[in-house]
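Student: I'm new to this one. Could you take me through a single part of it slowly, and then show me what sits around that part?

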Amino acid sequence: NQLHIFDTNANAFMPHLAQLLVERPADAGGTALDRAGFRARLNFGLDPRVTRARTNFQAGTSNDELDLQELYAQYIIPVGNGLDVKFGKINTLIGYEVINSYENPNFSRSFMFGLGQAFTTTGLRLTYQFNPVVLASVGVVNGWDNVDDNNRGKTVEWLVALTPHERFGLSFYGSYGPEQGNRTFSAFGFPTAVVGDPSAKRLVSGAIITLKATDKTTVVLEPYYVNEENASLVNPGRNARWNGLAGYLIQDF
């Protein structure tokens with residue numbers, strides 16, 4: 001099972017995930033108290049080994065089988081249709097697939113999600129539903145899967161979701177910011193090399209195209225592109241790039 005991320009053990013039972021979810025959804029149409037909410041999603045099992053964010057809230061420890069996948073506060077400001085504000089650790093805006101396998105078309109996730117996309121982000125996110133056709137989100141976060149930031153910069157994330165027809169959807173997502181931190185390698189107690197460029201920027205750009213061809217047939221395409229400055233391990237000093245194209249044919253029998 002080389003290159004697999006979650007289902008790595010061949011011919012073996014794997015207790016992937018037991019999840020405890022406690023939340024109070026915010027209600028835009030209610031009182032000031034009703035507009036406040038929160039979510040705490042605690043994961044147990046083998047999946048947290050893959051999805052847990054950097055430091056997992058305890059620097060220097062692993063806690064491989066336990067992870068707070070999400071932990072955020074929410075408030076909907078009564079402006080226009082309601083400005084949704086989230087602050088904390090939240091599932092990423094990047095990609096079609098998500099951490100929980102039962103929320104995806106397939107039990108096993110794609111290589112693109114496992115190898116090339118963020119799982120969670122920690123920071124501030126604003127979401128606004130302009131009308132039934134247009135929804136937009138923008139956030140300022142520590143970066144990919146970072147509870148503790150690994151540099152002095154912040155990453156900006158965004159999502160624009162368009163639904164011009166009930167059978168057609170088009171979303172554009174991405175992020176931009178520094179993702180590298182300095183890492184010092186030592187030998188016999190003396191530093192030998194410093195790797196990483198905290199000023200280098202990573203640009204993510206992707207789209208999700210959803211077409212409901214019939215009442216029971218859905219087609220999804222996701223083109224994906226990433227470019228990161230000064231990140232190539234093959235040619236040091238040059239940019240690293242990774243690209244992907246995921247396709248899904250979903251049939252409701």
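**A close look at the cavity and its surroundings**

Tutor: Happy to. Keep in mind that this is a predicted model. By the rule used here, the count comes to 1 cavity of 30 Å³ or more. The largest cavity has a volume of about 40 Å³. Who lines the largest cavity? Thr-92, Leu-93, Ile-94, Ala-118, Thr-121, Val-141, Trp-144, Thr-155, Glu-157 and Ser-175 do. Sorted by class, that lining has 5 nonpolar, 4 polar and 1 charged residues.

Now for some strands in that part of the chain. Strand 5 covers residues 120-129 and strand 6 covers residues 134-141; the two run antiparallel and are joined by 7 bridges. They form a hairpin, with 4 residues between them. To find your way along the pair, pick out Leu-126, whose bridge partner in strand 6 is Val-138. Strand 6 also pairs with strand 7, residues 155-165, through 8 bridges, and this pair runs antiparallel as well. Here Ala-136 is a handy marker, since it stands opposite Val-160 in strand 7. When you follow any of these strands by eye, remember that in a regular strand the side chains alternate between the two faces of the sheet.

Next, the open space. The largest pocket has a volume of about 490 Å³. Of the 26 residues that line it, the closest to its centre are Asn-91, Thr-92, Leu-93, Val-98 and Arg-125. You have met two of those names before: Thr-92 and Leu-93 are also among the residues that line the largest cavity. Which strands build the pocket lining? Strand 2 (36-44), strand 3 (66-77), strand 4, strand 5 and strand 7 each supply at least two residues. Strand 4 gives the largest share, 4 residues. By class, the pocket lining divides into 12 nonpolar, 6 polar and 8 charged residues.

Val-98, one of the residues closest to the pocket centre, leads us to Asn-104. That asparagine lies in the loop between strand 4 (83-91) and helix 2 (111-116). Is Asn-104 buried or exposed? It counts as buried because its relative accessibility is 11%, and the cut-off for buried is under 20%. A polar atom of its side chain lies 2.9 Å from the backbone nitrogen of Val-98. The side chain of Asn-104 also reaches the backbone oxygen of Asn-100, at 3.4 Å. Leaving aside neighbours within four places in sequence, Asn-104 is in contact with Tyr-96, Glu-97, Val-98 and Arg-109.

There is another loop residue to set beside that one. Gln-180 lies in the loop between strand 8 (168-178) and strand 9 (183-187). With 11% relative accessibility, Gln-180 counts as buried. A polar atom of its side chain lies 3.4 Å from the backbone oxygen of Asn-230. Beyond its neighbours within four places in sequence, Gln-180 has contacts that include Asn-150, Gly-196, Pro-198 and Glu-228.

Asn-230 is worth a stop too. You'll find it in the loop between strand 12 (217-228) and strand 13 (240-251). Its phi is near 50°, a positive value in a residue other than glycine. Asn-230 counts as partly exposed, at 30% relative accessibility.

Conventions
Residues numbered from 1 in each chain as written. Predicted model: local features only at pLDDT ≥ 70, side-chain atom pairs only at ≥ 80, totals over all residues. Heavy atoms only, no water. Pairing = 2+ DSSP bridges. 1 Å grid on protein atoms, 1.4 Å probe; cavity = no way out; pocket = protein on both sides within 12 Å on 5 of 7 lines; lining within 4 Å. Points joined across faces, edges and corners; volume = space filled by probe spheres on them. Nonpolar A, V, L, I, M, F, W, Y, C, P; charged D, E, K, R; others polar. Buried < 20%, exposed > 50% of the residue type's maximum accessible area, 1.4 Å probe, protein only. Polar contact = N/O pair within 3.5 Å; in protein donor to acceptor, adjacent residues only side chain to side chain. Contact = heavy atoms within 4.5 Å.
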